[in-house]
Amino acid sequence: PRPSASGTANLSCPRLGSWPALPPWRATWALQGKDMADRVDFYFRQRVTEAELDLAFALLEKADRDLAADLNIYGIVSGAVPAPHSPVPDLTVDLTAPGRAYDNLGQRMFFGTGQTVDCAVDLVGIPTDVATVGNERWLGIFLRFKRQLSDPRTDGNSQQVFFRRDESFELVVRQAPEGAIGVAPKPALQADELLLCDVRRRPGQTQILVADLDTSRRQAFIFA
């Protein structure tokens with residue numbers, strides 16, 4: 001407040017519209033009464049437990065993911081474009097790199113090298129062959145978040161633990177029931193996964209070609 005001529009503070013409000021506009025994500029936090037992240041306050045001579053240390057990192061990670069969710073960053077941002085396997089097509093599909101994506105929880109998925117997905121079996125190892133002539137089967141290639149555990153160590157209870165838990169990804173093949181050509185169903189979308197493309201399987205098929213790849217349902221992030 002600025003002192004007036006009488007020596008008292010001038011508490012008059014600024015004119016409407018004189019404050020700079022907040023970006024949408026910051027306005028959301030302001031309305032919720034939140035700062036960047038929830039925090040913990042470690043104190044002098046505190047005997048910090050493993051759970052308390054984990055909590056500090058978990059709160060910061062949650063803030064990072066809340067930011068992505070508040071900005072509606074959801075879907076495949078770049079890369080992970082499907083193509084028949086090169087140089088000779090077979091029952092695998094190649095994905096371009098680098099690939100970047102965010103799931104519905106704001107979890108980031110990234111791969112820096114090209115990926116090859118085996119479409120001969122699904123995620124539980126069941127073959128995806130089509131048994132009946134005149135039928136077809138649709139597969140879905142999905143991307144989902146996972147942790148890559150590494151750096152094993154032995155804790156104070158002589159139990160093995162993994163010190164590193166890096167953000168990683170997993171490629172999943174799901175199959176739908178086979179059906180007549182043109183009316184066979186496609187795999188259902190998954191709440192915690194992102195669909196990269198649908199793949200058509202045919203009786204006696206030994207190669208997946210461009211015509212067998214369908215990206216019409218691809219869950220790509222749309223830049224406004």
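**Figure 1. Asp 151 in strand β9**. Asp 151 is placed in strand β9, a strand that covers residues 135-154. Helices (H or I, at least four residues) and strands (E, at least two) are DSSP runs, numbered from the N terminus. The model is a predicted one, in which local features need pLDDT of at least 70 and side-chain atom pairs count only at pLDDT 80 or more, while totals for chains, interfaces and linings use all residues. Residues are numbered from 1 along each chain as its sequence is written, and side-chain values use heavy atoms, with hydrogens and water left out. Although Asp 151 is not glycine, its phi is positive, near 60 degrees. Most residues other than glycine have a negative phi. The relative accessible area of Asp 151 is 30%, which means that this residue counts as partly exposed; buried is under 20%, exposed is over 50%, and partly exposed is in between (1.4 Å probe, protein chains only).

**Figure 2. Asn 135 and its contacts in strand β9**. Strand β9 also holds Asn 135. Asn 135 counts as buried because its relative accessibility is 17%. Residues up to four places away in sequence aside, Asn 135 touches Val 130, Glu 178, Gly 179, Ala 180, Ile 181 and Pro 203; a contact means heavy atoms within 4.5 Å. With Glu 178, Asn 135 forms a side-chain polar contact of 2.9 Å. A polar contact is a pair of N or O atoms within 3.5 Å; within protein, one must be able to donate a hydrogen and the other to accept it, and residues adjacent in sequence count only if both atoms are side-chain atoms. Ile 181 is 46 residues from Asn 135 along the chain, and their C-alpha atoms are separated by 5.1 Å.

**Figure 3. The largest nonpolar core**. This core has 22 residues. A nonpolar core is a set of buried Ala, Val, Leu, Ile, Met, Phe, Trp, Tyr and Cys residues joined through side-chain atoms within 4.5 Å. The members that touch the most other members are Val 93, Met 109, Cys 119, Ile 141, Leu 196, Val 199 and Ile 208. Two or more residues of the core come from each of β5 (92-95), β7 (108-111), β9, β10 and β12 (193-201). In soluble globular proteins, nonpolar side chains tend to be buried together.

**Figure 4. Val 199 and the residues it touches**. Which residues does Val 199 touch, not counting residues up to four places away in sequence? They are Val 93, Cys 119, Arg 137, Trp 138, Leu 139, Ile 141, Ile 208, Asp 212 and Leu 213. Among them, Val 93, Cys 119, Ile 141 and Ile 208 also appear with Val 199 in the list of core members that touch the most other members.

**Figure 5. Two cis peptide bonds before proline**. Ser 86 and Pro 87 are joined by a cis peptide bond, with omega about 10 degrees. Pro 87 sits in the loop that runs between β4 (82-84) and β5. Another cis bond leads from Ala 97 to Pro 98, with omega near 0 degrees. Pro 98 belongs to the loop between β5 and β6 (99-102). Most peptide bonds are trans.

**Figure 6. Asn 72 and Val 210, in two loops**. Asn 72 lies in the loop between α2 and β3 (75-78). Its phi is near 60 degrees, a positive value in a residue other than glycine. Because its relative accessible area is 60%, Asn 72 is exposed. Val 210 lies in the loop between β12 and β13. Val 210 has a relative accessible area of 60% and is therefore exposed. From Val 210 to Pro 82 the C-alpha distance is 9.0 Å, and the two are 128 residues apart in sequence.

**Figure 7. Gln 219 and the chain as a whole**. Gln 219 is placed in the segment after β13 (213-214). Gln 219 is buried because its relative accessible area is 15%. Apart from neighbours within four places in sequence, its contacts are Tyr 74, Gly 75, Ile 76, Leu 189, Glu 193, Leu 194 and Leu 195. The protein chain has 2 helices and 13 strands. Of its 224 residues, 29% are buried. Among contacts in the chain with a separation of 6 or more, 61% are between residues 24 or more positions apart.
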